[in-house]
Amino acid sequence: MTMDFASRVERVEPSATLAISNKAAELEAEGKDVVDLSVGEPDFDTPENIKDAAKAALDAGHTGYTPSNGIPELKEALVEKLHDDGLTQYEKDNLIVTPGGKQALYEIFQTVIDDGDEVALLDPAWVSYEAMAKLAGGTLTRVDTAAHDFQLEGALDDLADAVSDDTQLLVVNSPGNPHGAVYSDEALEGVRDLAVEHDITVISDEIYKEITYDGVEATSLGTLDGMEDRTVTLNGFSKAYSMTGWRLGYFAGPEDLVSQAGKVHSHSVSCAVNFVQHAGVEALTNTDDAVEEMVEAFADRRKFLIELFEDHGVHVPEPQGAFYMMPEVAPDGDDTEWCDRAISDAQVATVPGSAFGTPGYARISYANSKERLEEAVDRLAEHDLI
């Protein structure tokens, strides 16, 4: 039998980040010592108080279905967090709690994008944005920020040229994956002006909002005048609270969008896991100290890794948030080949920049110990990769 597949699926490539992780796992299964700098998750265990809250919720019998859009206690805690961030337009009816931030993003794309609708991305852009746009039938226009050390402010003219009245959706990720840049208020105001001019809906992906350095704070796009009703704010628990495997995220937006997205949500996942939602309440209300400790560790590793690269003459734009950096590894060559050599020859796993729309670079995660980061750089140097 020859099976036919939906064109929307055939338009999408497998996740490059997961492909690298799979390769690293294969080498490790062969007994190789791989320094995995490809992972997009903290290397810390989930804080104990969050795990205890989940156990207590299980013992209390919170194992059934919940209201589709989330339990009231979590939605109340999320509203308080959003208000603290200046997003006072959001109340409980503006929220959907999802099994992971990726599911939140998927539901937004499915709700907003129709066949042929244009989606604008700021490169380098997280790999799943493109895939989700294509799965929804959208077309892509892309703006490169690499020439500006991944900051958006210098690329605003390019963004103005890229968007038009035909643009349905713009995705803004600050602090950003894969580059760690935090966009300035001036840059976000430029986004606001273009969104208002062309009547564009904007996703503000704030999954790394709590992970910033050197006193930098990430402004929520939805706090700007004119963006209250055209911004969909997305966040989750995976990164700041080291809860990647718990699968808990959320998004907040205008009530009419939430009403329509609720159809996608209820017919796909029904609801997020009950006891995990209770753990989310604990994460939001009693985990600030643990988050601060993790951020301090990331900040220390970031500085350490940049200095290691500089010792080898490699310039890396300094990240202001998240836990990634992007050195230029193949300015005149093939970044995919460089990453293949890095994992095959040096047993160091990285992700090619071309997967994010930025050829010539590689994404490196510093969610790893300083000893392993130093080992990785030593191996790359030993094999003439830096």
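**Close-up views of a predicted model**

The structure holds 19 salt bridges, and a few of them get their own view below. Keep in mind that this is a predicted model.

**View A. Lys-134 and Glu-130 meet in a salt bridge within helix H6.** The N to O distance for this pair of side chains is 2.8 Å. Because Lys-134 and Glu-130 sit four residues apart in H6, about one helical turn separates them. Lys-134 counts as partly exposed at 23% relative accessibility, and Glu-130 is partly exposed too, at 24%.

**View B. Asp-300 reaches Lys-370 across two helices.** Here the side chains form a salt bridge at 3.2 Å, N to O. Asp-300 belongs to helix H11 and Lys-370 to helix H13 (residues 370–382), so the contact ties together parts that are 70 residues apart in sequence. Asp-300 is partly exposed, with 37% relative accessible area; Lys-370 is also partly exposed, at 30%.

**View C. Glu-375 and Arg-379 pair up inside helix H13.** The closest N and O atoms of this salt bridge are 2.7 Å apart. Both residues lie in H13 with their positions four residues apart, about one turn of the helix. Glu-375 is partly exposed at 30% relative accessible area, whereas Arg-379 is buried at 11%. The pair isn't on its own: salt bridges with shared partners link Asp-33, Arg-372, Glu-375 and Arg-379 into one network.

**View D. Strands S9, S12 and S11 make an open sheet.** The three strands come in the order S9-S12-S11, with antiparallel pairing. Strand S9 (324–325) and strand S11 (351–352) are the edges, each pairing on one side only. Two bridges connect S9 with the antiparallel strand S12 (residues 362–365). For a landmark, look for Met-325, which stands opposite Ile-364 in S12.

**View E. Helix H5 (residues 101–112) passes a quick length check.** Its twelve residues should span 16 Å at 1.5 Å a residue, and the end C-alpha atoms are 17 Å apart, which agrees. The expected figure uses one less than the number of residues, because that is how the span is defined. Buried residues of H5 include Gly-101, Ala-104, Leu-105, Ile-108, Phe-109 and Val-112. Gln-103 and Glu-107 are on the buried list as well.

**View F. Two cis peptide bonds lead into prolines.** One runs from Asp-123 to Pro-124, with omega near 0°. Pro-124 sits in the loop between strand S3 (118–123) and helix H6 (127–135). The other runs from Asn-177 to Pro-178, with omega near 25°. Pro-178 is in the loop between strand S5 (167–173) and helix H8 (185–198).

**View G. Ser-242 and Ala-322 have positive phi without being glycine.** Phi of Ser-242 is near 55°, and that of Ala-322 is about 60°. Ser-242 is in the loop between strand S7 (231–236) and strand S8 (249–252); at 6% relative accessibility, Ser-242 counts as buried. Ala-322 lies in the loop between helix H11 (288–311) and S9, and counts as buried at 0%.

**View H. Met-1, Met-3 and Phe-5 form a nonpolar patch on the surface.** Together they have about 450 Å² of accessible area. Phe-5 is in the segment before helix H1 (7–10). With a relative accessible area of 55%, Phe-5 is exposed, because the cut-off for that label is over 50%.

Note on methods:
Residues are numbered from 1 along each chain as its sequence is written. This is a predicted model: local features need pLDDT of at least 70, side-chain atom pairs count only at pLDDT 80 or more; totals for chains, interfaces and linings use all residues. Side-chain values use heavy atoms; hydrogens and water are left out. Buried means under 20% relative accessible area, exposed over 50%, partly exposed in between (1.4 Å probe, protein chains only). Patches are made of residues with over 30% relative accessible area and no salt bridge: like charges are joined within 9 Å, nonpolar side chains (Val, Leu, Ile, Met, Phe, Trp, Tyr) within 5 Å. Accessible areas come from the Shrake-Rupley method with a 1.4 Å probe; for residues, only the protein chains shown count as cover. A salt bridge is a side-chain nitrogen of Lys or Arg within 4 Å of a carboxyl oxygen of Asp or Glu. Two strands pair if DSSP finds at least two bridges between them.
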